[in-house]
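Open the model in your viewer and keep the selection tool at hand. We will go stop by stop.

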Amino acid sequence: MTDNNNHLLEVRDLTVTFPQPSGAVTAVRGVNYHVDKGEFLGIVGESGSGKSVSSLAVMGLLPSSAQITGDILFEGTSLLGRSDAELSRLRGEGISIIFQDPLSALTPVYTVGAQISEALLLHDPKLSRQAAAARAVELLRIVGIPHPERRAQAFPHEFSGGMRQRAMIAIAIANNPRLIIADEPTTALDVTIQAQILEVLQRAKDITGAAVVLITHDLGVVAGNADRIAVMYAGRIVETGTVDQVFHEPTMPYTIGLLRSMPNLATAGHTRLVPLEGRPPSLGNLAPGCPFAPRCPIAVDACRGTEPPLAALNDPQGKDARHSAACLRMDEIAGGQLQRAELFPRPERVAEAERADLTPETVLSVDGLVRHFPLMKGAVFKRQVGTVKAVDGVSLAIRSGQTLGLVGESGCGKTTTIMEILELAKPQAGRITVDGRDVAGMSAKERRALRRDIQVVFQDPMASLDPRLPIQDIIAEPLTVHGVPAGARRAKVAEVLDLVGLDPAMGARYPHEFSGGQRQRVGIARALVTDPKIIVLDEPVSALDVSIQAGVINLLEDLQERLGLSYLFVAHDLAVVRQIADTVAVMYLGRVVESGPAEAVFDDPRHPYTRALLSAVPVPDPSLERGRRRIILDGDLPSPTETTPGCNFRARCPLYKLLDADQQALCRDQDPALRPVAGTSAACHHAASIELVLN
Amino acid sequence: MEVLNELPISEPIEEPVAARPGKKPVSRSRMVLNRLRRMPRFWVGLVGLGLVILWAIFGLIPNAWNFTDLDVYNMGSSPSATHWFGTSDIGEDIYAQTIVGLRKSLIIGLLAGPLASLIAGIIGAFAGYLGGAWDKTIIWFIDLLLVLPSLFLFVLLSPIFKSLSWVALIFLLAAFGWMIMARVIRAQTMSLRERDFIKAARFMGVGTWTIISRHILPNVSSLLIIDATLGVGAAILAETTLSFFGFGIQAPDVSLGTLLSAGQGAAVTRPWLFVFPAAILVWTVLSASLVGDALRDAVDPTSGVNRD
């Protein structure tokens with residue numbers, strides 16, 4: 001710390017305060033960190049931990065109302081108090097930033113090439129337009145955009161999310177910056193695209209030699225890429241160290257809890273998740289003492305009185321002193337008096353006696369479901385110019401008390417599939433059977449009665465609850481449909497609120513008064529109120545913070561065992577699906593490409609797409625992550641309007657490239673059907689030779 | 001740039017909800033009332049509106065003149081002890097005329113404005129929610145009404161309405177005042193229809209009418225309430241226009257509108273002819289707006305004042 005000439009960026013005691021009508025809010029409270037040349041620093045924290053605010057302060061991009069104290073040194077000179085014009089010169093050339101949402105970060109009315117040239121011309125006025133355009137094309141090639149000459153002329157809306165993020169990286173590295181700040185660069189993207197982008201970021205770092213600060217909430221993302229990690233909580237850094245130190249020997253209870261609450265592909269499915277109870281404190285009126293104390297299982301009285309400073313750890317093995325944590329009891333944790341694994345109690349499974357008795361039967365089956373949307377053109381006289389094959393022959397079956405996980409990238413037809421099921425209407429083709437009864441031939445009355453048995457929980461708990469109704473009315477709504485009298489309704493609402501772990505007295509509150517995790521519990525309570533047999537869960541935890549997710553997943557597991565529910569669980573987070581699902585179906589472009597028992601699909605996938613999908617999921621374990629080989633899929637999900645003869649995964653298939661001409665011809669000519677292969681069913685002609693990939 | 005999302009503080013809503021034990025669940029309308037009671041705006045508006053209504057009902061009692069009386073000795077006199085608001089050119093007592101005019105205008109405004117909003121809400125929500133052929137037909141009809149010059153229709157229809165009474169004017173004004181709002185409500189409904197909570201209700205088997213009345217109308221209610229309160233003023237003014245052309249209130253009946261149109265030429269020379277009716281009109285519309293404003297905030301739990 002004494003010699004700051006070595007540090008590329010040094011942030012000293014940074015405090016950011018936003019004045020608000022309801023009182024000042026300190027979003028960042030005394031943050032110290034530094035980044036060296038060519039280093040990869042990961043800053044991890046939940047929403048509201050101040051991780052983005054602290055990096056925006058470095059860029060000088062905070063609103064002018066923000067009060068900033070402390071010091072930010074870039075290459076030894078202070079950035080605070082500089083004029084915007086001076087900072088603008090530095091931005092792009094010295095420090096550049098990559099934002100989370102690539103759609104709003106690019107101007108929609110200029111071509112991508114023009115926007116990259118603009119970044120170049122701003123910092124080098126001597127550069128000619130032609131040279132800038134040529135350099136833009138070259139940059140697009142570096143970040144892996146196919147046909148960069150043509151693509152440079154395209155507008156942002158013609159790019160997919162992943163390609164836009166690549167273009168953003170191209171702009172960020174255009175002027176060879178010394179520091180790249182990436183603010184949640186992959187959060188809005190699918191897991192296979194995320195793997196691509198992280199690879200591009202690594203490559204950009206190698207080419208430019210820049211240091212990278214990666215800000216994320218996903219511990220898995222930093223595990224494989226970062227050199228060092230800083231964990232933020234309530235506006236402060238609570239633990240920092242090398243990746244191995246933080247992941248293998250976490251010392252702050254928050255880090256320990258966060259690591260243990262994450263569903264993890266390597267361990268999921270065997271053990272229960274350990275929830276991190278409570279929620280981050282609001283920064284408006286912070287109580288004295290350690291902000292994590294209310295959630296901490298080993299908090300002592302001293303924790304509530306004083307806030308521990310970030311202090312270097314006395315490493316008994318004497319490795320190096322870079323590992324620091326902010327905890328009064330860190331020496332006990334590091335010394336082994338407090339066992340990390342036993343810090344957070346692992347919740348018990350539902351007792352045998354409380355479990356529901358089940359007769360195994362198929363409660364929901366979908367057979368060859370088809371949903372095509374016509375693509376119309378023309379204003380007055382519309383004509384059909386194509387077909388979007390959103391769902392193209394999907395078959396699923398769920399048995400009572402079991403969970404079917406439906407996974408796939410966005411745009412693969414998962415949501416359309418469940419919407420078709422929930423409509424309980426006659427599908428375009430195929431059959432939907434609930435409880436052994438075909439829904440196609442039902443009368444409106446029968447259909448309404450059937451809705452008692454199948455309920456839904458949506459992704460965004462705020463959007464799925466009517467903001468104008470108190471939650472007791474929201475939860476009781478399904479009962480009003482079935483004409484349940486008011487008294488019985490009230491009793492049932494109290495019962496389900498209790499079941500999902502909320503106080504029945506909260507019934508009179510409105511949805512906006514609840515936190516994210518509580519809102520999702522309200523959504524689950526509404527689904528439970530009719531005593532359904534099947535609950536369709538559409539990404540139920542993806543909108544929640546990591547530390548909250550575990551609690552909701554555990555609740556779903558408990559409810560399933562206690563009430564004998566069947567879940568249709570739709571998610572893009574494979575680790576979560578691994579945790580909860582008994583059987584898994586992987587969708588690609590409106591079809592199921594692989595399905596089978598969860599262990600078989602996850603441990604020994606037979607379809608190249610499943611394999612690529614699984615390899616793209618980052619695992620929050622640096623040693624595992626470094627040893628893994630990623631199968632990077634080329635390109636994006638093709639548009640479902642295109643009709644490709646043969647296998648529709650062919651264009652991106654890693655296996656296809658390894659096959660000989662005869663085998664490739666089979667892929668080109670014949671559409672593979674789902675067929676049983678070694679424990680699972682896969683729609684691939686060459687599922688038997690899958691070992692070629694990766695080995 | 002997620003700066004603001006990064007600040008959980010600015011939304012106190014994120015606070016975990018602690019239990020309030022021992023309280024009976026409160027119904028929705030009760031909660032709206034409770035909120036209304038805490039708003040000074042609501043009381044100011046309500047008292048203002050109440051005073052105007054009371055004055056309209058009882059204001060004539062202390063006055064010596066009736067609104068049809070002509071005081072030939074005091075033609076065009078300024079406000080005095082005998083004629084509190086002065087007299088017109090032919091000796092009519094402006095005070096009496098204002099009160100009688102206010103009665104008509106209040107009834108027309110308070111009924112026609114909200115009635116138009118109600119029609120707009122129901123038709124707009126139906127068109128937006130049902131979509132398809134229903135939507136097309138309703139929109140076609142709305143557009144037809146919008147292109148037809150409504151004054152022309154008033155002229156055509158006025159013989160029928162004259163034979164009825166001035167009450168029919170309320171329905172006529174409402175019938176031609178809902179179209180634009182209905183289009184707005186329809187657009188709002190179309191975006192609401194894709195929201196998860198509407199989908200959730202549909203998948204639970206909630207009927208169309210219940211979804212519209214329980215979920216859609218409350219969620220567009222802020223628009224409707226603003227429209228209804230603005231509609232009070234607009235209806236009064238629309239009636240003025242009609243009366244001016246001779247299709248609305250006919251002499252010897254008076255309304256604020258006919259008084260205003262009669263007095264506006266003298267606004268500079270003999271201001272009492274114009275100022276008193278105008279002041280009453282402003283007072284009435286302002287009070288209605290204050291009540292509407294408070295009501296909107298009470299119905300909408302996420303609006304600023306309820307974030308406590």
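Two strands pair if DSSP finds at least two bridges between them. Keep that rule in mind, and remember that this is a predicted model.

**Stop 1: a pair of strands.** Select residues 534–538 of chain A, which form strand β19. Add residues 566–571 of chain A, strand β20. How many bridges join β19(A) and β20(A)? There are five, and the two strands pair in the parallel sense. Now pick out D538(A): V570(A) of β20(A) stands opposite.

**Stop 2: the way across.** Select helix α19, residues 546–563 of chain A. The chain leaves β19(A), passes through this helix and arrives at β20(A). This β-α-β crossover is right-handed.

**Stop 3: another partner.** Select strand β15, residues 403–407 of chain A. β15(A) runs parallel to β20(A), with five bridges between them. Click V407(A), and then A571(A), its bridge partner in β20(A).

**Stop 4: both faces of β20(A).** Are the residues of β20(A) buried or exposed? Six of the six are buried, so the strand is largely enclosed by the rest of the structure. Select S566(A), L568(A) and V570(A) to see one side. Then select Y567(A), F569(A) and A571(A) for the other. Both faces are covered.

**Stop 5: confidence.** Switch to chain B and colour by pLDDT. The mean is 79, and 88% of the residues of chain B reach 70 or more. Now select residues 1–25 of chain B, where the pLDDT is below 50. This stretch has 56 contacts in the model beyond near neighbours in sequence. For the complex, the predictor gives an ipTM of 0.71 and a pTM of 0.78.

Terms used: Residues are numbered from 1 along each chain as its sequence is written. Chains are lettered from A and ligands numbered from 1 in the order in which they are written. This is a predicted model: local features need pLDDT of at least 70, side-chain atom pairs count only at pLDDT 80 or more; totals for chains, interfaces and linings use all residues. pLDDT is the predictor's confidence in each residue, from 0 to 100. Two residues are in contact if their C-beta atoms, placed from the backbone, lie within 7 Å. A residue is buried if 20 or more other C-beta atoms lie within 10 Å of its own, exposed if 12 or fewer, and partly exposed in between; C-beta atoms are placed from the backbone. Helices (H or I, at least four residues) and strands (E, at least two) are DSSP runs, numbered from the N terminus. A crossover is right-handed if, with the strands pointing away from the viewer, the path from the first strand over the helix to the second runs clockwise.
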